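Here's a quick tour, starting from a single residue and working outwards. Have the viewer open as you read.

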Amino acid sequence: MIRATNRLAGSLYREVCATTATGCSAVQLLHSKSQLLRTGFAHPYVRENPQCTSRTMQTRPNSTISTNVHDADESKDGFLKRFVKKMGWIDNSSTRLRVSSCLLYESVVDHINYAEFFNYFNMPDTFNTWFLITELHVWMLLVRSMAEGAEKGAAGRFMRNCIVETMWNDVTTRAKQLTMDNPSVVRPQIQQLSEQFQAALISYDEGISYDDKALAAALWRRFLGGRCDDYEKLEHLVGYVRRQVSMLDQLSRYDFAIKPTIKWAPLVEAKQPT
């Protein structure tokens, strides 16, 4: 692919040099070349009409001023940058996907109202309960990520791994800050959380694949620790998960994987005044 790009760049450069000698602007040539890439056939004036017509105003020999604002803006960017934009490669780069994965994880830890969960489910404000809430929302992101491609080397699988990696980096940092007096306990604690996390993913996946009863059982065992006697709250949690998964599923690839715009709904919707 790199060799093909280099050959195409060399071909364009030679055509630019040849056409400039006849008074044709390089911007017009590149514009016609982009038409060739999009339509699959040559633009008529590229080879058959060597004399450029319209769209430029001659001011002095070997100098033209474009009357098209779009062409003027494009001339400021390099050829390779414009070519990459048109081909869409930048959207699939590992760097772009890694940055998006970090932003997706930050949307959880920065925008989820943890205190709302603590109060609604009578959960203690501890590191473990913080992890349970984070784990649930990260799992939702992983479900959506796999929709972008679950096979090896696909963008979705890569994003899933990046999100999990970002989560563990954050969890490890927080655990070290909480156990500064005894850092030796961090490693076994992270190992235990990792095993619980893997089991939770399997349980949640099975629950979301079946009906609300299966999802409620998974949430009751893992998220609530089997200690919730108020089944209305459990039902509310099931509905909350379903709404969030549906919201993520409706996002386009651009809004999720390229420039994430996640708007998590609150656990308890504010009542509208009547």
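In which helix is Ser100 found? Ser100 is in helix α6, which covers residues 94-111. Keep in mind that this is a predicted model.

Is Ser100 buried or exposed? It's buried, because its relative accessibility is 0% and anything under 20% counts as buried. Looking past the neighbours within four places in sequence, Ser100 is in contact with Met159, Ala257, Ile258 and Pro260.

Now zoom out to the helix that carries it. α6 is 18 residues long, and from first C-alpha to last it reaches 25 Å, close to the expected 26 Å at 1.5 Å a residue. Ser100 has company on the buried list for α6: Leu97, Ser101, Leu104, Tyr105, Ser107, Val108 and Val109 are there too.

What do those buried residues pack against? Here are the partner helices:

| Helix packed against by buried residues of α6 | Residues |
|---|---|
| α7 | 114-120 |
| α8 | 127-146 |
| α9 | 155-178 |
| α13 | 253-258 |

Finally, the whole chain. It has 13 helices and two strands, and 38% of its 274 residues count as buried. If you take contacts between residues at least 6 apart in sequence, 61% of them join residues at least 24 apart. As for the surface, the chain exposes about 16,700 Å², with carbon and sulfur atoms supplying 54% of that area.

Definitions and conventions. Residues numbered from 1 in each chain as written. Predicted model: local features only at pLDDT ≥ 70, side-chain atom pairs only at ≥ 80, totals over all residues. Heavy atoms only, no water. Helix = DSSP H or I, 4+ residues; strand = E, 2+ residues; numbered from the N terminus. Buried < 20%, exposed > 50% of the residue type's maximum accessible area, 1.4 Å probe, protein only. Contact = heavy atoms within 4.5 Å. Areas by Shrake-Rupley, 256 points an atom, 1.4 Å probe, with all protein chains shown as cover. Expected span 1.5 Å × (residues − 1).
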